[in-house]
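Trainee: I should be grateful for a close look at one part of this protein, namely the place where metal is held, together with its surroundings. Please then set it beside another region of the chain.

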Amino acid sequence: MHASFSLFWRKLFSLSAFWPLLPLFMALSLSGWGVWGQDHTVPLQASVFFLLFIGMIGVYFCFLRFRRIQNIQDLAMRGAHDGMFEWNPRSKELRVGPRLLGFLGYSENFIFDTHTWLDLVHSEDRERYNHMVAQHLKGETDVFYCEYRVRARDGDYLWIAARGLAKRNRHGDSTLMVGSVSEITERKNRENFMFQQAREDPLTGLPNRLALLENLQRNSDEAYQAQSLMAVLFIDLDRFKDINDTKGHSIGDKLLVQIGQRMRDTQEAGQTLYRPGGDEFILVAQNIPDPEYAIALAERLLQKINEPIAVDDFIFFMKASIGIALCPDHGTDVDLLLGNADTAMYVAKAESANKTRLFTNAMAKRLAARYEIEDGLRHAIERQELSLVYQPKYRLHPYGVAGFEVLLRWHHQGRFIPPDRFVPIAEETGMIVEIGRWVLEETFKQLSDWKKTYPKLPRCAINISSRQFLGQFLLHHVLSCLKRYQLSPKAIEIEVTESILMQSEGEPISQLRSFQDAGISTALDDFGVGYSSLAYLQQLPIDTLKIDSSFIASLKPFEDKSATNYRPSASLSDLEMLPVKAVHTDEIVKAILTIAHSLGLYVVAEGVETVSQKKFLSDHGCDLIQGNLVGMPLEATLFEQTILHPLKARDKSMVPSSDG
Ligand code: C2E
Ligand code: CA
Ligand code: CA
């Protein structure tokens, strides 16, 4: 046990008990020299022998004292709950207590120096451990404390917490370090478990937002340093909220689990799928060769999502929008990367469902403009920035005003923002519900005012967004407003677009029917640009069809005889395949008129701007026209002066009012 042996000698010289003996030796030897040396009565050798004898007695007492201290230390090492250690930073000699050996599973001590100990320390912790020891030896820390893993006899690693204090000489150099070690494996496992739990989405088992934020910054730094390319794919399921709302959260949850599983199955090395929340997933793909790889990866994910999914008794056909941002091209900061991937996803979703999009700077600009609108729109009502205009509709045979449409206007900070820009945003954000209520209230107020002066007021068409049909309150609200303003249901007409068909469960169709049943006329707006087929038209509870202005704008002018015409379309579903803008739409419009009339629908042509368009529509039996040629949208006072007042004056020639 050479470590203890050398320790003994150090103790011997350092033990204070030895030094009081020294003056005694000196006194005795000097007096011996003086008394016996001069007379030569006692030989010099006796004196030296005497001194040696006294010295040995001293050494013996020192040894006893050292043993006592060592026994106390041993006892302390044995008795303490923690393992003890004592280490000489210069000689690297190490002494560990039996307790420490015990919890590592060793019965025999074999750890006598730093080297043997470091061999047991986990390779991942070694550098940190060495660094912390060095810090303390240099006096940079008051106490040495380090949690690290050590290999036990059975090969498993145990977590230990080591505390220690260095003893320094007067130069400040550490000469000895003493401390204790306790086993903390259980606590560490518990902590690790909680750490994992905090970073795992309980539903899908995928790493969650916290894990994403922590890992992504690291991944991004690595990509930047290694000059490699990393892709962040922002995956958002389309219309998932509808499924949750209509089928319940339990089914929604099962869907998310299956979709998560599918995407996880496609994961390759260097890719991590996260579920930060809701119906969003994020895939981080490190070290990709080029942007095209990321796009192809997104397409593959989309295909996986699109495969039918069975949950309980239902089969779902899911769609998703995927936005891609690249690191470092589109940012190295986590927030920026995620924000840009989100922007690209947003653009993908806005363009059409089930798309993938790679981020561009132009997207960011567009989105910023969009947020400005969204923000302004939130306060538009309270700031009284909204107003209404009214555009007349004319019956062609016999010619005259047959109704009008109310259109929303927004003047924001001195600028006019067209409804085509803000209505879709209001729809997406759900603000259209509140705005729609405002439109209804203001329109009814205006109608009830006009009704007093113009008892034969033509019917007013109000645009209603699909979103306003969510829930069952719309009809109830409209009827109660009509009652409050003492208006007949025939005073109004509602205009809806084909997007209403995409609403969940065919329920809006039955709502539309309830409007008809209540005596309120219904019109299908923007016909031709959506998904309508003849089959659908037959089923829809509508009274009027409004041909979209793009068809009217592409009608052939009088003078143009050369343009190719299309054969009359046999079915309206063929319309979807015709390139509307590129060709003249005469035959299409004729076909729509024929089919709509055969279904007993009124037809309104929107956006009539030229005499030739009006003539064409008149010649082919269109019922009503609306457009700048015959009447621009006007604010209430002007509309009253130019349309309603002359109408009253020419009462006799006026088309019978819708309100009877
Ligand atoms: P819409 O329902 O198809 O309305 C007809 C649009 O055509 C109006 O645009 C109108 O001003 C415009 N217009 C009328 N005659 C002509 C013409 O001869 N040439 C051209 N180029 N355009 C003409 P506006 O007012 O900009 O509204 C755009 C869209 O915004 C509306 O299309 C409608 O979808 C939506 N919208 C407007 N007001 C409301 C509202 O109160 N509620 C809802 N939900 N949507 C509204
Ligand atoms: Ca309309
Ligand atoms: Ca329209």
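Mentor: What follows treats the calcium sites, then a neighbouring strand in the sequence, and finally a sheet with its helices.

The model is a predicted one. The calcium ion (ligand 2) has as its protein donors Glu405 (OE), Asn463 (OD1), Glu495 (OE) and Asp525 (OD), at 2.1 to 2.3 Å. Along the sequence, the spacing of these donor residues reads E-x57-N-x31-E-x29-D. Because Glu405 belongs to strand β14 (residues 400-412) and Asp525 to strand β18, this pair ties together parts that are 120 residues apart in sequence. Glu405 is buried, its relative accessible area being 3%. Asp525 is likewise classed as buried, at 6% relative accessibility.

Asp525 also leads to the second site, since this residue bridges the calcium ion (ligand 2) and the calcium ion (ligand 3), which lie 4.2 Å apart. For the calcium ion (ligand 3), the protein donors are Asp525 (OD), Asp526 (OD), Glu606 (OE) and Glu606 (OE), lying 2.1 to 2.4 Å from the ion. Here the donor residues follow the spacing D-D-x79-E. Distant parts of the chain are again linked: Asp526 is in strand β18 (residues 521-527), whereas Glu606 is in the loop between β20 (602-605) and α21 (611-619), 80 residues apart. With a relative accessibility of 27%, Asp526 counts as partly exposed, because buried is reserved for values under 20% and exposed for those over 50%. Glu606, at 11%, is buried.

Strand β20 also contains Val603, a residue that is buried with a relative accessible area of 0%. Leaving aside residues up to four places away in sequence, Val603 touches Leu545, Ile547, Leu593, Ala596, His597, Cys622, Asp623 and Leu624. From Val603 to Asp543 the C-alpha to C-alpha separation is 8.9 Å, with their positions 60 residues apart in sequence.

The other region is an open sheet of five strands, in the order β2-β1-β5-β4-β3, with antiparallel pairing. Its edges are β2 (94-96) and β3 (144-151); each has a single partner strand, so one side of each is left without a neighbour in the sheet. On average, and with direction ignored, neighbouring strands are turned by 25° against each other. Within the sheet, strand β4 (residues 157-168) runs antiparallel to strand β5 (residues 174-183) and is joined to β5 by nine bridges. Lys167 stands opposite Leu176 in β5.

Two helices lie across strands of this sheet. Helix α7 (residues 185-198) lies across β3, β4 and β5, at about 115° to β4. Helix α6 (residues 123-137) lies across β1 (83-87), β3, β4 and β5, and runs at about 150° to β3. From its first C-alpha to its last, the 15 residues of α6 reach 22 Å, close to the 21 Å expected at 1.5 Å a residue. Its buried residues are Asp125, Tyr129, Val133 and His136. They are placed on the same side of α6 because they cover an arc of only 70° around the axis. Among the elements covering these buried residues are β1, α5 (114-120), β3, β4 and β5. After α6 comes Gly139, with a positive phi near 85°.

How values were computed. Residues are numbered from 1 along each chain as its sequence is written. Chains are lettered from A and ligands numbered from 1 in the order in which they are written. This is a predicted model: local features need pLDDT of at least 70, side-chain atom pairs count only at pLDDT 80 or more; totals for chains, interfaces and linings use all residues. Side-chain values use heavy atoms; hydrogens and water are left out. Donors are N, O and S atoms within 2.8 Å of the metal (3.2 Å for Na, K and Ca); water is not among the atoms, so sites may look incomplete. Helices (H or I, at least four residues) and strands (E, at least two) are DSSP runs, numbered from the N terminus. Buried means under 20% relative accessible area, exposed over 50%, partly exposed in between (1.4 Å probe, protein chains only). Two strands pair if DSSP finds at least two bridges between them. Axes are lines fitted to C-alpha atoms, for helices over the stretch in contact, and angles run from 0 to 180 degrees between N-to-C directions. Contact means heavy atoms within 4.5 Å. The expected span of a helix is 1.5 Å times one less than its number of residues. The arc is that of the directions from the helix axis to the C-beta atoms.
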